[in-house]
Amino acid sequence: VFQLSVPLNFLGSVYRELRQSLLDMETLFSLQKVNANIQEKPNAPPLVLSKGGEIKFENVNFGYHPDRPILKNLSLTIPAGKKVAVVGPSGCGKSTLLRLLFRSYDVQGGRILIDDQDIRDVNVDSLRRSIGVVPQDTPLFNDTVEHNIRYGSIDATHEEVVAAAQRARVHDIIQQFPDGYQTKVGERGLMISGGEKQRLAVSRILLKDPPLLFFDEATSALDTHTEQALMVNINGILREKGRTSVFVAHRLRTIFDSDIIIVLNEGKVAEMGTHRELIDRAGVYAELWSAQETRFHDDGTSQNEGEEE
Ligand code: ATP
């Protein structure tokens, strides 16, 4: 038995590693489509979060095609430990900001600093390990609910998975699935709603608990009531842990309590401040806010409900 257990253990760990690397490959090739566009410097040191995750864009220029700039000389600072929202018209480059931070692409001018380190100078893995992203549409693996949440924190216990799902307000729903946490989801599994999928994605990031959290329309498929309740939980965790977070959102009600709201327009910062400051300014943000509030009160439920991007 003793003799046998060694190779079995060994096989177990090979299996785990293989499984992790398969997931990583999936991430690499199908989910994020990363690395094709960037190059890591030889012997790049790991990212060190000496200030707790301060993000700076300095005169950043970027476009997917040379003849169509998306970000134009963009400069902004996201202080460590703060909740920042990025809003603005569709296509103005909000998701692009997050992709640049994750180094899915590199800037074409200027630089991006995290705690004073140019992100092109640090080890890409260490950068990405520091970041958790809830993208607009989270792909699920053809695997159990539990594995889908655990993805990215493979050593987490079942209790930790459950705690994350509770905070993401999806635990009760999972318990009603045919096999609970062992229910298979994904294309070949149980069909689940967009809102449930989004909450699994939020569970995943809460479990991973990275120092920097980016939410890209992460709650857009939820009804207003569920969205507000989930935001209360997320905000509580972010505040308690002092995490730096960036929220891209259309529904201003989900982000109006941010420490800083950045309004992007035509590749530049059009306005920046707290909700109060931006309302007093009576500019683009104030106009958007009042339009959404009018709709919110008119239909009695919410603006944009169920509306696709
Ligand atoms: P939305 O609010 O609609 O999500 P956004 O502000 O997040 O929009 P981005 O996704 O950052 O906008 O896109 C900015 C612009 O770049 C858009 O015009 C988009 O069509 C274009 N774009 C985005 N990704 C690519 C890509 N991979 N290749 C070419 N163009 C792209």
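## Buried charge, ligand shell and salt bridges

Arg 128 is buried yet has no salt bridge, and the nearest side chain of opposite charge, Asp 125, is 6.0 Å away. A salt bridge requires a side-chain nitrogen of Lys or Arg within 4 Å of a carboxyl oxygen of Asp or Glu. The model discussed here is predicted. Arg 128 belongs to helix α3, residues 124-129, and its side chain reaches the backbone oxygen of Arg 103 at 2.8 Å. Arg 103 itself, just after α2, adopts a positive phi of about 60°.

Helix α2 spans residues 94-101; 7 of its 8 residues are buried, so the helix is largely enclosed by the rest of the structure. The buried residues of α2 are Lys 94, Ser 95, Thr 96, Leu 97, Leu 98, Leu 100 and Leu 101.

Three residues of this helix also face the ligand. The ligand is surrounded by 17 residues, of which Arg 68, Ser 90, Lys 94, Ser 95 and Thr 96 come nearest. An N or O atom in the side chain of Lys 94 is 2.7 Å from a ligand oxygen. For Ser 95, a polar side-chain atom lies 2.8 Å from an oxygen atom of the ligand, and for Thr 96 the distance from a side-chain N or O atom to a ligand oxygen is 2.4 Å. Taken alone, the ligand exposes 640 Å², of which the protein buries 72%. By class, the surrounding shell comprises 5 nonpolar, 8 polar and 4 charged residues.

The structure has a count of 15 salt bridges. The table lists some of them.

| Pair | N to O distance |
|---|---|
| Lys 41 and Asp 121 | 2.4 Å |
| Asp 209 and Lys 241 | 3.1 Å |
| Asp 280 and Arg 276 | 3.6 Å |

Lys 41 lies in the loop between α1 (2-31) and β1 (55-62), and Asp 121 in the loop between β5 (117-118) and α3, so their salt bridge ties together parts that are 80 residues apart in sequence. Lys 41 is partly exposed at 43% relative accessibility, as is Asp 121 at 32%.

Asp 209 is in the loop between α7 (194-208) and β7 (212-216), whereas Lys 241 is in helix α8 (residues 224-241); the pair therefore links parts 32 residues apart in sequence. Asp 209 has a relative accessible area of 27% and counts as partly exposed, and Lys 241 is likewise partly exposed at 33%.

Asp 280 and Arg 276 are 4 residues apart in helix α9 (residues 275-281), and are therefore separated by about one helical turn. Asp 280 and Arg 276 are both exposed. Elsewhere, salt bridges with shared partners join Lys 51, Glu 54 and Asp 116 into one network.

Methods
Residues numbered from 1 in each chain as written. Predicted model: local features only at pLDDT ≥ 70, side-chain atom pairs only at ≥ 80, totals over all residues. Heavy atoms only, no water. Near = heavy atom within 4 Å. Polar contact = N/O pair within 3.5 Å; in protein donor to acceptor, adjacent residues only side chain to side chain. Areas by Shrake-Rupley, 256 points an atom, 1.4 Å probe, with all protein chains shown as cover. Nonpolar A, V, L, I, M, F, W, Y, C, P; charged D, E, K, R; others polar. Buried < 20%, exposed > 50% of the residue type's maximum accessible area, 1.4 Å probe, protein only. Helix = DSSP H or I, 4+ residues; strand = E, 2+ residues; numbered from the N terminus. Lys, Arg positive; Asp, Glu negative; His and termini not counted.
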